[in-house]
Amino acid sequence: MMKQRSRSCHPLPILLIAFVGLVLLHNWATPLYEAPDEVWHDAYVRWLAQGNGLPSLADDASGAGQEAAQPPLYYAVATLLRVPFDDGDWHTHLWHNPHFGYQALGNALDNKNMLIHTEAERFPWRGAALAIHITRFTSLLFGILTVLAAWGLGYEAFQTRKGALLTAALVAFQPQFVFMCGVINNDSAAAALATATLWMTARVFRRGLTVQRTVLLGVLVGMAILSKTSALALLFAVGAALCWQAWRERLSWKTLATALCLYLVLALGVGGWWYARNLWLYGDLLGTSRHFDTLWRNPQPKSIPELVGDIPLLVRSFWGAYGWGHIFWPDWVYVLLAIGAAICVIYGAWRAFSRIRACFSRAALREAVDATNGIYLIGAAWCVTIGAALLYWMREVDAPHGRLFFPAIGAWALLVAYGVAQKSAHSVWRGLGRGLLLGMALLAVLAPGARILAAFAPPRLYVPQQVENAVAPVNFCYDEVGETNLGIRLIGVEIEPERVVPGDTVAVKACWEALTPVAEDYTVYVQLLGQNYTRAGERHTYAGLGRYPTSLWTPGTAFCDVYRIAVEPWVPTPERYQVLIGLYLDDSRNQLAAFNSVGQPVAPPVVGAVTVAPKTPQTVAPEYPVQYTLGERILLRGYDLSGTLQSNTSVTLTLYWQAQKALSRDYTVFVHLFDEAGEMLAQDDGPPCAGWYPTSAWEPGDVVVDVRRLEVPELPAEQTVHVLVGMYLPEDLTRLPVTNGAGEPLPDGIVPLFATQVDGSR
């Protein structure tokens, strides 16, 4: 008895429970307004809940922005849920993150939050937080309807419970659809009503055209066009399907005309009034002018190559793009999902058209396109229609959003399932379908924690002593006046890697501590600064990578940030760039002063350095080639001279060094000008490249161009002078030994570079 009862257990309730659980998990994990356009969708609902009527397209008094042009069905349902809850404190949740929109390198979870989120949003919710989370249940309700309709569509197509289950599960576990059903957005309503319309159309194909089904189709299409403008295409698609079915059933023209009139009257009566209102009040039938009056309207329609360039983002945002559509999985995840789904769709298309072709060989057109084939064809046609509409919209507006394809998500699931759900499908294809479904379900389960919470959670807090040994100590304190009780302390910094090439990324790990409460919200800046104030790269962000501004810091706790900085591809190389870390107020850009552990000011606030070197050593051709080796580690390959030595002028001497082995110490270069009697006439002592590329940063193979300047004193014409070169340790003046090209050691660690006569002409 128990075994027989378990066999009769229907899988649909189990699927719905799993779907509801996943959506609720996404609802809980997603902070307020951190979903596509949610802040404007919620403003629409709040406007209706306050009894203001439909928002105007002529102004933005509602605060709904371009979403005021959306049809009102979703928002009307959401208002019913919203009205009982007090949301008077909604504006307290609009703490803007000024650095939102930063395009994080790679897939780093960096400044993904549009808003700063506080303890006021934590569960159990209160006030506006509760009202907004409850309003999100609207999307859940429409999501449930979508899954139910997908089940019905699959059952009509395959006439088996397994086929229906696969079709519905492909919808219920689609990661992006699950996410969108957990936030305030009308895409779920469009998906539900379009899929329900396709289900009813499939019933017409399978069971025949009746007055009752015609009425239901009219009402469903009317509700669909009242949920999303793109659903208008259903008017024509369903009308064409009715004509086809009437022809298959050999119905009279009068019966067909009656059915079409009944269908159109109901559809336009239920949903057409919205478009008539737009035309009457604003002269804008579809309300698209409100969408076009935005910053993301393309100045000119995009070309086909430009649309092709948007396809990767479109694919990612179809499968799973969280937050405002810029929190992604690794690229290989999307590649696997897209390839798996594409193979299933192609195989299903081959099965469908093979069947139609076989029927054509022995039957007329009416019998060849039977109910199953007809359901497949209308599903395919609907996917193509919505896809084409989306591409057209992308030409006009910068909107490569895969969720805009969701009116066709039920049809998409049908196409994916069509081949693998057939009883005669090979086990390989069934395994592929199950693998795709398992992968989608896994992403839907992991997304709340691995993507959403990870992107929006504040940094982990530590006791300061826990992080002090994890980074190189810096111990800078920042303040406006330099008092002893400074509020912000930079504990230490770790820079990886310490040597990069232009275009690479430097990761600067900085650990912070709040010594006292901080009243202001300061921006952290990290700069790679070279000679002549060249900025090789920089970052500006609130602490916590946008999620933990200074006014929220808890005294006595520490945390660490990792700032990833892209090195500009054009920067001079090789060079040692200083790493600066400081803070400033956004409204003034006045930097806080930095002080070391004994209270002395540190300007600029240098915390380390990073070497930027070319990928391959630069090629040089000295005007005067030479070959001297200094200490078996450095080769002097030659020099250039800016001109002849003249009295009372300066001359530029360019030295070309090449590192043969790595050096651990910083040497000073000396260039001395002597007369025949051994008296020094001029000198230029200093680190290579004016200190911007010290010898401790040199790696084997590095070619270093070192420009020196000699101030020639007043000298008699034709006097012979000597230029001597070498290197020494500044601590004890110990010179590196020198050997010539023949390997012979030279005395005193001196390179006798050249001798020349002073030019008397001016």
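Two strands count as paired if DSSP finds at least two bridges between them. Helices (H or I, at least four residues) and strands (E, at least two) are DSSP runs, numbered from the N terminus. Everything here comes from a predicted model, where local features need pLDDT of at least 70 and side-chain atom pairs count only at pLDDT 80 or more, while totals for chains, interfaces and linings use all residues. Residues are numbered from 1 along each chain as its sequence is written, and side-chain values use heavy atoms, with hydrogens and water left out.

**View 1. Six strands line up in an open sheet.**
Let's start with the sheet. Its 6 strands follow the order 7-4-2-1-9-10, with antiparallel pairing. Strand 7 and strand 10 (601-602) are the edge strands, each pairing on one side only. In general, strands of a sheet pair through backbone hydrogen bonds, either parallel or antiparallel.

**View 2. Strand 2 sits between strand 1 and strand 4 in the sheet order.**
Strand 1 and strand 2 are antiparallel partners over 5 bridges, and here Pro 473 has Gly 492 of strand 2 as its bridge partner. Strand 2 also pairs with strand 4 over 8 bridges, again in the antiparallel sense; look for Val 493 and its bridge partner in strand 4, Ala 510. How many of the 9 residues of strand 2 are buried? The count is 7, so strand 2 (residues 488-496) is largely enclosed by the rest of the structure. Buried means under 20% relative accessible area, exposed means over 50%, and partly exposed is in between (1.4 Å probe, protein chains only).

**View 3. Strand 1 meets strand 9.**
Strand 1 (residues 472-479) and strand 9 (residues 593-595) run antiparallel and are joined by 3 bridges. Cys 477 has Phe 595 of strand 9 as its bridge partner.

**View 4. One disulfide links strand 4 and strand 7.**
A disulfide is a pair of cysteine sulfur atoms within 2.5 Å. Cys 511 and Cys 560 meet this rule, with their sulfur atoms 2.1 Å apart. Cys 511 lies in strand 4 (residues 505-514) and Cys 560 in strand 7 (residues 558-566), so the pair ties together parts that are 49 residues apart in sequence. The torsion about their S-S bond is about 100°, so the disulfide is right-handed. Cys 511 is buried, at 0% relative accessible area, whereas Cys 560 is partly exposed, at 22%.

**View 5. Two cysteines without a disulfide partner.**
Why does Cys 181 not bond with Cys 383? The sulfur of Cys 383 is the closest cysteine sulfur to that of Cys 181, but the two are 17 Å apart, which is too far for a bond. Cys 383 is in no disulfide either, as its nearest cysteine sulfur, in Cys 344, is 14 Å away. Cys 181 is buried at 0% relative accessible area, and Cys 383 is buried at 9%.

**View 6. Helix 6 packs against helix 9.**
Helix 6 (residues 137-158) and helix 9 (residues 187-207) pack at an angle of about 20°, with their axes 8 Å apart. Residues that meet here include Phe 142 and Leu 145 in helix 6, and Trp 199 and Leu 198 in helix 9.

**View 7. Asp 284 in a loop between two helices.**
Asp 284 lies between helix 12 (253-282) and helix 13 (288-292). Is Asp 284 buried or exposed? Asp 284 is buried, with a relative accessible area of 11%. Beyond its neighbours within four places in sequence, Asp 284 is in contact (heavy atoms within 4.5 Å) with Asn 278, Leu 279, Ser 289 and Arg 290.

Definitions and conventions. Axes are lines fitted to C-alpha atoms, for helices over the stretch in contact, and angles run from 0 to 180 degrees between N-to-C directions.
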